[in-house]
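Here are some worked exercises on a ligand shell, aromatic pairs and a loop. Keep the viewer open and try each task before you read its solution.

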Amino acid sequence: MEDIATAFPAVKILEHASLADYTHTKTGGPADYLAFPTNVQEAKSLLAYAHQLDLDVTVIGNASNLIVRDGGIRGLVMILTKFKTVTVDDVAHTVTAAAGAAMIEVTQVAQAHQLSGLEFAAGIPGSVGGAIFMNAGAYGGEIAAVATSAEILTPEGEVRTLNQAELDFGYRHSSIQDYHDIVLTATFSLTPGNGDQIQAQMDDFNARRAAKQPLDLPSCGSVFKRPTGHYTGQLIQEAGLQGLKWGGAQVSTKHAGFIVNIDHATATDYLELIHHIQQVIWQRDQVRLETEVRIIGEEPQA
Ligand SMILES: Cc1cc2nc3c(=O)[nH]c(=O)nc-3n(C[C@H](O)[C@H](O)[C@H](O)COP(=O)(O)OP(=O)(O)OC[C@H]3O[C@@H](n4cnc5c(N)ncnc54)[C@H](O)[C@@H]3O)c2cc1C
């Protein structure tokens, strides 16, 4: 059989592509094949062909919540940021967005149509697919409150629609994590509002974000989930870990829950620093810090 890049001449497919060029941490090893399908049919055909070749398939969005180990990812990585269509039903008050659309753009479209409910996501730098996968949230809002359905491609190549119950949202969790489905589109059910008020709320959230988060440096946002009864940033600060450097990675001096890439960090720097923080906080506070960031790929060869 032809190799996958040769078999799909119309799809952009890079071989041995550095994923550090795509991740928000600017770290990570190469993908054997990195494909940029532009529509569902292409994604479906790539998935089927990869199965025939016995290639593993990994799907990523904006790579803003991702650490790819320095050994990279074997098989096929599909990046869906070319699926971008956003449509609005002004009668039903719904917005339907393709998986690769940026959540920030979706919130702007909703605001332009005077639809309220997505303001919390105005500064979340992920894609729609990543937001559904993670049940992204901020400032008291979360995707689970507004996402009513998602169209998915199952690992078997079937396109299905999942309703809200089937998406099984929880804290930074959805059923997509359990079944390895690929999100193709999502529909958000919103409420009519006042465009100026919606914009003011989004501006306020973004100003609060800019004041507290190190947005000028590469990072993956909050590294850890919020442990019950504690604030991660506070635990890390109190343990004296804020500002700690590990290779080119550093616990942000602006927000201790973030790890920033200050000097050509590797994924290994990130992972060792994460492990160190987890160990210190466990020994000091008996609190297990679980990562919110998704860690994928292979260890580098020794
Ligand atoms: C500066 C900064 C601030 C952030 N602030 C927040 C915040 O306030 N709240 C918050 O919740 N998060 C925040 N994040 C984290 C991140 O933006 C979110 O988790 C976002 O939803 C991830 O989307 P993504 O497209 O980047 O996903 P990726 O990082 O590309 O992927 C994350 C996971 O989703 C899977 N995935 C992605 N797309 C699909 C798809 N179409 N189908 C199936 N699986 C898919 C991937 O396989 C991976 O396991 C922040 C990150 C940064 C860098």
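**Exercise 1. Sort the residues of the shell around the ligand into nonpolar, polar and charged.**

Step 1. Fix the classes: Ala, Val, Leu, Ile, Met, Phe, Trp, Tyr, Cys and Pro are nonpolar, Asp, Glu, Lys and Arg are charged, and the others, Gly among them, are polar.

Step 2. The shell then splits into 18 nonpolar, 13 polar and 4 charged residues.

Before you go on, note that this is a predicted model, in which local features need pLDDT of at least 70 and side-chain atom pairs count only at pLDDT 80 or more, while totals for chains, interfaces and linings use all residues. Residues are numbered from 1 along each chain as its sequence is written, and side-chain values use heavy atoms, with hydrogens and water left out.

**Exercise 2. Find which residues come nearest to the ligand, and list polar contacts of its oxygen atoms with G61, N65 and S127.**

Step 1. There are 35 residues around the ligand (a heavy atom within 4 Å). V59, G61, S64, S127 and G137 come nearest.

Step 2. Look for polar contacts, meaning pairs of N or O atoms within 3.5 Å; within protein, one atom must be able to donate a hydrogen and the other to accept it, and residues adjacent in sequence count only if both atoms are side-chain atoms. On the backbone side, a polar atom of G61 is 2.8 Å from a ligand oxygen, and a backbone N or O atom of N65 also has a ligand oxygen at 2.8 Å. From a side chain, an N or O atom of S127 lies 2.6 Å from an oxygen of the ligand.

Step 3. Check the cover: the ligand taken alone exposes 960 Å², and the protein buries 93% of that (Shrake-Rupley areas, 1.4 Å probe).

**Exercise 3. Work out which elements and domains supply the shell around the ligand.**

Step 1. Using DSSP runs (helices H or I, at least four residues; strands E, at least two; numbered from the N terminus), you find that β3 (57–60), α4 (128–134), β9 (137–138) and β13 (182–189) each give at least two residues. The largest share, 5 residues, is that of α4.

Step 2. The ligand lies between domain 1 (4–79) and domain 2 (86–212), because both give residues to the shell (bounds from an automatic or database domain assignment).

**Exercise 4. Classify the aromatic pairs Y22 with F36 and Y139 with F205.**

Step 1. Rings of Phe, Tyr and Trp (its six-membered ring) pair if their centres lie within 6.5 Å; planes under 30 degrees apart are stacked, over 60 edge-to-face, and the rest tilted. The whole structure holds 3 such pairs.

Step 2. Y22 and F36 are tilted, at 5.9 Å centre to centre and 55° between the planes. Y22 sits in the loop between β1 (12–18) and β2 (30–36), and F36 in strand β2, so the pair ties together parts 14 residues apart in sequence.

Step 3. The ring centres of Y139 and F205 are 4.6 Å apart with planes at 5°, so this pair is stacked. It links the loop between β9 and β10 (141–142) to helix α7 (residues 195–212), parts 66 residues apart in sequence.

**Exercise 5. Is S219 buried or exposed, and what does its side chain reach?**

Step 1. S219 lies in the loop between α7 and α8. At 11% relative accessibility, S219 is buried (under 20%; exposed is over 50%, partly exposed in between; 1.4 Å probe, protein chains only).

Step 2. The S219 side chain reaches the backbone nitrogen of G221 at 3.1 Å.
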